[in-house]
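Okay, thanks for coming, everyone. I'll keep this short and talk about rings and one helix. Have a look at this one.

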Amino acid sequence: MDRRAFTLGSSAALLSACATVPRSAGCTPLPRVLVDESRIIRRVAGLRPYRAAGFVVRREALGDKALVHNYGHGGAGITLSWGSSRLAADLGLQGHSGPVAVLGSGVMGLTTARLVQEAGFPVRIYTAALPANTTSAVAGGQISPFGHFREDSVTPAWMAQFQAAMAYSWKRFQTLVGDRYGIRWLPTYEESRNASFADDWLNQYHANARALRPDEHPFPVENIVRFDTMYVETPRFMAWLTDEFLKAGGTIRMRKFDTLADVATLPERLVFNCTGVGAKQLLGDDILTPVRGQLAVLQPQHEVRYAFAGDAGYMFPRGDGILLGGTFERGVDDPTPQPEDIARIVASHRELFASFRCAA
């Protein structure tokens with residue numbers, strides 16, 4: 001089954017796809033998303049830290065310090081946050097005593113900091129941007145890994161890390177479902193290239209997955225797979241993580257590190273590097289590539305309790321708005337929404353939902 005293996009299509013391509021399933025065919029209705037420029041409440045963009053060779057969880061020496069890396073998660077940062085941070089914490093805390101430093105206040109920095117606090121260590125976060133201003137705070141938040149490695153560039157050892165990180169994250173997020181944390185389960189409808197299921201270990205994280213008959217959905221495309229997964233309202237989740245970190249005695253200091261020599265001046269003897277895209281400059285990691293993702297956010301529609309991903313893009317409903325995405329722009333380091341791209345995202349979704357074969 002294709003896991004969000006889609007690109008933002010043109011309206012013409014979408015119209016062609018719509019023709020594959022007649023509008024008059026029987027179908028199970030869903031509420032239409034009301035897509036219009038007048039309903040946009042914000043336009044956002046973020047830079048994913050993509051590495052074809054996958055994310056980095058590794059320990060090394062930095063003078064008399066231990067430096068543990070936890071960065072490069074591409075479009076799977078929210079999904080893998082707890083699990084990757086668990087791997088990093090376990091790697092760094094062995095034999096350590098005393099305060100701990102965390103570089104970065106995105107989701108990796110905050111989850112690493114919380115796990116270190118839970119292990120009984122005092123933590124200070126050093127960051128160039130507060131949590132609300134990080135890429136994590138504008139992420140879509142589907143708990144389903146996407147866009148974070150290339151299969152021919154990773155090793156079996158890395159795949160073992162990926163599987164361990166996914167397993168821990170999946171369990172941890174389940175304990176946080178609820179309005180307080182901004183996490184909920186939703187049925188997800190995904191356009192599939194072949195609507196069949198491969199022997200894929202990730203299938204266990206797509207609960208109740210099955211290919212649908214045309215009469216079981218209203219989407220104007222031929223092959224639809226439905227599964228259940230969790231979604232994170234990232235601004236609320238990040239605010240909760242920050243609050244928990246501060247209540248547990250953590251501190252945040254604004255500071256940007258240009259070189260590892262700067263990091264070596266810190267008083268803490270254990271440092272976790274969770275700098276995301278910033279690791280490219282800090283470490284000279286030439287494999288890391290920024291990937292811009294753009295979103296249009298519509299006014300909330302509380303009757304919409306399902307998500308969609310396909311050639312039109314993706315639609316994730318959250319309490320703070322309906323997210324429409326998206327783009328996956330490799331090598332673009334400008335985190336500024338582009339009006340023409342946002343217009344294409346809105347147009348493709350408008351066409352999709354206007355072409356529903358039936359609606360609730």
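So, to start: which residues form one aromatic cluster here? Bear in mind that this is a predicted model. The cluster is made up of F55, F149, W158, F162, W170, W185, W201 and Y205.

Across the structure there are 22 aromatic pairs. Take F55 and W158: their rings sit 5.2 Å centre to centre with 55° between the planes, so that's a tilted pair. What I like is that this pair ties together distant parts of the chain, 103 residues apart. F55 is in the loop between β1 (40-51) and β2 (56-62), while W158 belongs to helix α4 (residues 156-174). Both F55 and W158 are buried.

Another tilted pair is F353 with F356, at 5.4 Å centre to centre and again 55° between the planes. F353 is buried, at a relative accessible area of 1%, and F356 is buried too, with 1%.

Now for the arginines. R172 has its charged end over the ring of W82, 4.1 Å from the centre. R86 does this with Y168, its charged end being 5.8 Å from the ring centre.

Last up, helix α8, residues 339-354. With 16 residues at 1.5 Å each, the helix should span 22 Å, and the end C-alpha atoms are indeed 22 Å apart, which agrees. Its buried residues are D341, I342, I345, V346, S348, H349, L352 and F353. Looking down the axis of α8, those buried residues fall within an arc of 165°, so they line one face of the helix. That fits the usual picture: an α-helix has 3.6 residues a turn, so residues three or four places apart point the same way.

Terms used. Residues are numbered from 1 along each chain as its sequence is written. This is a predicted model: local features need pLDDT of at least 70, side-chain atom pairs count only at pLDDT 80 or more; totals for chains, interfaces and linings use all residues. Side-chain values use heavy atoms; hydrogens and water are left out. Helices (H or I, at least four residues) and strands (E, at least two) are DSSP runs, numbered from the N terminus. The expected span of a helix is 1.5 Å times one less than its number of residues. Buried means under 20% relative accessible area, exposed over 50%, partly exposed in between (1.4 Å probe, protein chains only). The arc is that of the directions from the helix axis to the C-beta atoms. Rings of Phe, Tyr and Trp (its six-membered ring) pair if their centres lie within 6.5 Å; planes under 30 degrees apart count as stacked, over 60 as edge-to-face and the rest as tilted. A charge sits over a ring if NZ of Lys or CZ of Arg is within 6 Å of the ring centre and within 35 degrees of the ring normal.
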